[in-house]
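Here are some notes for a colleague who is meeting this structure for the first time. Please read them with the sequence and the model at hand.

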Amino acid sequence: MTGVPTQTEPAPVFGDLVRVPWSDIEDATGSAAAIPFLLAAIASGDPAAADTALDRLRHRICQYGFVVGQATAVTVPFLWDLAQRPQVTCRARILRLLKNIADARQWETTAAAYPKLRRHHNDYVEWESAARRAVRDQSGAIPRLLAERNAELVQATRELASALAR
């Protein structure tokens with residue numbers, strides 16, 4: 001899958017959204033084509049629009065708070081970017097979503113009990129692993145976020161850092 005930076009590549013900027021073939025990627029609802037619009041709403045600075053968009057995005061890329069899919073890894077770098085923007089009104093919630101993604105082990109655990117899952121036409125286990133790697137690959141932002149004055153943001157950052165340390 002394209003669009004997921006490696007540790008040696010720079011973190012994407014929000015403008016890189018157009019470089020991702022969203023309509024060729026699936027999220028929990030089907031086509032991931034709506035994800036750029038949800039990310040734009042999160043970035044809008046409108047608290048109500050951002051909260052609604054983040055709820056919808058969470059459902060699409062980390063359903064139930066622990067089930068990730070194909071679109072998750074490619075979306076993660078944009079979430080990291082948004083979490084670092086002071087004008088974004090739901091930064092702590094974004095960090096909690098990143099923590100949920102970092103903790104995701106649903107498919108890996110299921111595949112350990114049912115190895116046939118690895119032969120399924122969709123590679124759920126790899127999508128989950130790629131999503132966790134994507135969160136780790138952008139974790140260089142943690143020190144900057146820990147230096148913020150917003151107590152809720154700092155707490156969410158600590159929780160994410162703790163999850164990544166496991």
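1. The side chains of Asp16 and Arg19 come together in a salt bridge, with 3.8 Å from N to O. In this pair Arg19 counts as exposed, because its relative accessibility is 67% and the exposed class begins over 50%. Please bear in mind that the model is predicted.

2. The pair just described belongs to a wider set, since the structure holds 12 salt bridges. As general background, side chains of opposite charge can pair when their charged atoms come close.

3. A further salt bridge links Asp81 with Arg85, whose closest N and O atoms are 3.1 Å apart. Asp81 has a relative accessible area of 16% and is therefore buried, the limit for that class being under 20%, whereas Arg85, with a relative accessible area of 23%, is partly exposed.

4. Which parts of the chain does the salt bridge between Arg166 and Asp103 tie together? The closest N and O atoms of Arg166 and Asp103 are 3.4 Å apart. Arg166 lies in the segment after helix 8 (151–165), while Asp103 belongs to helix 4 (residues 91–103), so the pair ties together parts that are 63 residues apart in sequence. Arg166 counts as exposed at 60% relative accessibility, and Asp103 counts as partly exposed at 27%.

5. Finally, a point on shared partners: Asp51, Asp55 and Arg93 are joined into one network by salt bridges that have partners in common.

How values were computed. Residues numbered from 1 in each chain as written. Predicted model: local features only at pLDDT ≥ 70, side-chain atom pairs only at ≥ 80, totals over all residues. Heavy atoms only, no water. Salt bridge = Lys/Arg side-chain N within 4 Å of Asp/Glu carboxyl O. Buried < 20%, exposed > 50% of the residue type's maximum accessible area, 1.4 Å probe, protein only. Helix = DSSP H or I, 4+ residues; strand = E, 2+ residues; numbered from the N terminus.
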